[in-house]
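Dear colleague,

I am handing over the structure we spoke about, and it appears just below. After it I have set down what was found, in the order in which I would read it.

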Amino acid sequence: VRVTLLTDFGTRDGYVAAMKGAISALAPAAIVDDATHDIAAGDIPAGAWVLAGYWRIYEPPVVHVAVVDPGVGGGRQAIAARADGRLLVGPDNGIFTRVFHAASELQVVRIEGDAFTREAVSSTFHGRDVFAPVAAHLSLGLELERLGPLVDNAVLLELPVPRRDHSHVHGEVIHVDRFGNLITNIPAELAGAGARVIVCGRMCGMARTYSDAPPGELLALDGSRGMLEVSIRDGDAASFLAAGRGAAVIVEAGT
Amino acid sequence: VRVTLLTDFGTRDGYVAAMKGAISALAPAAIVDDATHDIAAGDIPAGAWVLAGYWRIYEPPVVHVAVVDPGVGGGRQAIAARADGRLLVGPDNGIFTRVFHAASELQVVRIEGDAFTREAVSSTFHGRDVFAPVAAHLSLGLELERLGPLVDNAVLLELPVPRRDHSHVHGEVIHVDRFGNLITNIPAELAGAGARVIVCGRMCGMARTYSDAPPGELLALDGSRGMLEVSIRDGDAASFLAAGRGAAVIVEAGT
Amino acid sequence: VRVTLLTDFGTRDGYVAAMKGAISALAPAAIVDDATHDIAAGDIPAGAWVLAGYWRIYEPPVVHVAVVDPGVGGGRQAIAARADGRLLVGPDNGIFTRVFHAASELQVVRIEGDAFTREAVSSTFHGRDVFAPVAAHLSLGLELERLGPLVDNAVLLELPVPRRDHSHVHGEVIHVDRFGNLITNIPAELAGAGARVIVCGRMCGMARTYSDAPPGELLALDGSRGMLEVSIRDGDAASFLAAGRGAAVIVEAGT
């Protein structure tokens, strides 16, 4: 069974290695896939966005562990879930917001007690002491319900929603990727072929793919997850526009 | 079966995780090795150099996926190949140049149609939608020829070739590694024991290993892939010399 | 069998991929876990600290490879060890210091001859040519003693030891993690509930977890490995204090 890891730990301190050790100690045959360890420290919305890009591409059986956990050891709960057959484990702080919104079938449980955690649970590293061993047990077939009671009030982030206004859609940038592409919260189908996209006072047209524009020219397209995306061919749109998450994006319908 | 991944995606956006999901959805038992995701964005020559350092160290069966793909969704083809028994998948943009040059036995096919891709192929993310599923199918034993027609005109990069001139060899730096070592296109056997190496107006002698020189001293040696390499013991030769890819390197034969 | 890799190679040059290839060429079923490749170049003490955080969390059978090896190709020896049932492979330069100190049962051997290395051993890349193949052989069940003679004088780093003085403990920062937490060499049990911790002229109290302090406030706590740690909630203590490895830390007992 596959276990995937998403964290904001980076890899240089060995925290990820400790999680892998804790998983394989219980589930020696588990294959652990690094999803990412480069979520910005404590950036739960980024973690939620990234997780939403792959959780359903994996087919069951799979356990997705997601640990962006600035509140570790405090009052936040630990949860596990089954969403359309995929299992998930992590803190109850909104990291699973987009998964929970997208899932057709969903059960969420609170992780209680110490039956499935490491012997001594630290107050600063639940990735190793709680989430990794719970994921290992789930990968071995543990029933979700054995972890604790069902909950229906898991923490959800408030996600920015695009607003329609006559022939305009007002949205914003929700993620900037490593290429400097500005990914927006505007579904690409709201921007037809002739639409114009305005961001940071610049206007650009719709393209089908990066190479439809000349190098250095701004373009908008249907990104790989169905959202409108603003890019520069062979360039970095985020740097060029000095735009980041939250930047306003307006779509004007074509004529 | 092993599948390796080389990309310029970084890991923070989840693009790599989506590829891993697409592979394991089809080939649940495949072990996916991260080769690297840190190729500079769009740097096909760097990807080609790095890939050439490991593709043949793996023994068959193995599928190497290489996705540095600035032209995704445009006119470039998708290809797969069998090179000395190893399978390869990626864009037809030169990323396989060094593999194709080095291979004794080589078949290359163009990937056509949608029999082995994901249902909906985006125009911006063929890593997930084309190359990952094709790699998964190959790892499960799909015959290369089933993917499409054999081609003999795959795109090849023009690689810089060293030039010999009396007792000199004129080459250049082709890769700078994370330690600041300057790796050149000059085969190390062209630089005998007494040879002198000139780079950025500085001259250095040949050493057998990094620790043959005092700390801080420039030295040249036979790097791990048989090419002449310029280094500084416990230092960063690239920073020290302000030299990068393309910097001229001259070898003067010993006497 | 699991094989873990710790290096200072980064991933962008393909050195790690070459090691993985060398392992899987011999041991196709081995699962290779990346522990970290982000140890600072040549930073043996950091490698030793990070390795110590996970080597024992893995249950046998496991082979931990650790390659931070500025002296590669020079006079340093290559060693392998069995420590409380876990196998280890790497250079004899102190990288295993904390493992060897912590282990109850320990055998260390020098790797001699070329029976278990790659055919041609380069003088600059023993990760690929020596340590990876030796790890692969060990993962397949090779007896440790087959590699070479037992040694009892493996290189050990001199680790900074905290000093007690009346009601004070004088220690220092031994690791700064990616969150900017300052991890000290002072066992947390030496800092009772009412203790005060002084670092860089600033004083802070003990907390149980990060969220016990208001955002932006300095706190000290029992880190995930039992050592006293200085942090800022939702902040970066290392940047805030301009403190790094070696910074003095003083604990004043509570009253």
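In which sense, and over how many bridges, do strand S8 (residues 168-176) of chain A and S9(A) pair? Please bear in mind while reading that this is a predicted model. The two strands pair in the antiparallel sense, over three bridges, and within that pairing A:Val176 stands opposite A:Leu182 of S9(A). The hairpin that S8(A) and S9(A) form has five residues between the strands, and in it A:Gly180 takes a positive phi near 85°.

Strand S9 (residues 182-187) of chain A has a further partner, since S9(A) also pairs in the antiparallel sense with strand S13 (residues 227-232) of chain A, again over three bridges. There A:Pro187 stands opposite A:Met227 in S13(A). S9(A) is mostly covered, with five of its six residues buried.

Turning to the cavities, the count comes to seven of 30 Å³ or more, and the largest cavity has a volume of about 120 Å³. It is lined by 15 residues, of which A:Val32, B:Val32, C:Val32, C:Asp33 and C:Asp34 are the closest to its centre. Strand S2 (31-36) of chain A, strand S2 (31-36) of chain B and strand S2 (31-36) of chain C each supply at least two residues of that lining. Sorted by class, the lining of the largest cavity has nine charged residues and six nonpolar ones, and no polar residues.

With best wishes

Conventions. Residues numbered from 1 in each chain as written. Chains lettered and ligands numbered in written order. Predicted model: local features only at pLDDT ≥ 70, side-chain atom pairs only at ≥ 80, totals over all residues. Heavy atoms only, no water. 1 Å grid on protein atoms, 1.4 Å probe; cavity = no way out; pocket = protein on both sides within 12 Å on 5 of 7 lines; lining within 4 Å. Points joined across faces, edges and corners; volume = space filled by probe spheres on them. Helix = DSSP H or I, 4+ residues; strand = E, 2+ residues; numbered from the N terminus. Nonpolar A, V, L, I, M, F, W, Y, C, P; charged D, E, K, R; others polar. Buried < 20%, exposed > 50% of the residue type's maximum accessible area, 1.4 Å probe, protein only. Pairing = 2+ DSSP bridges.
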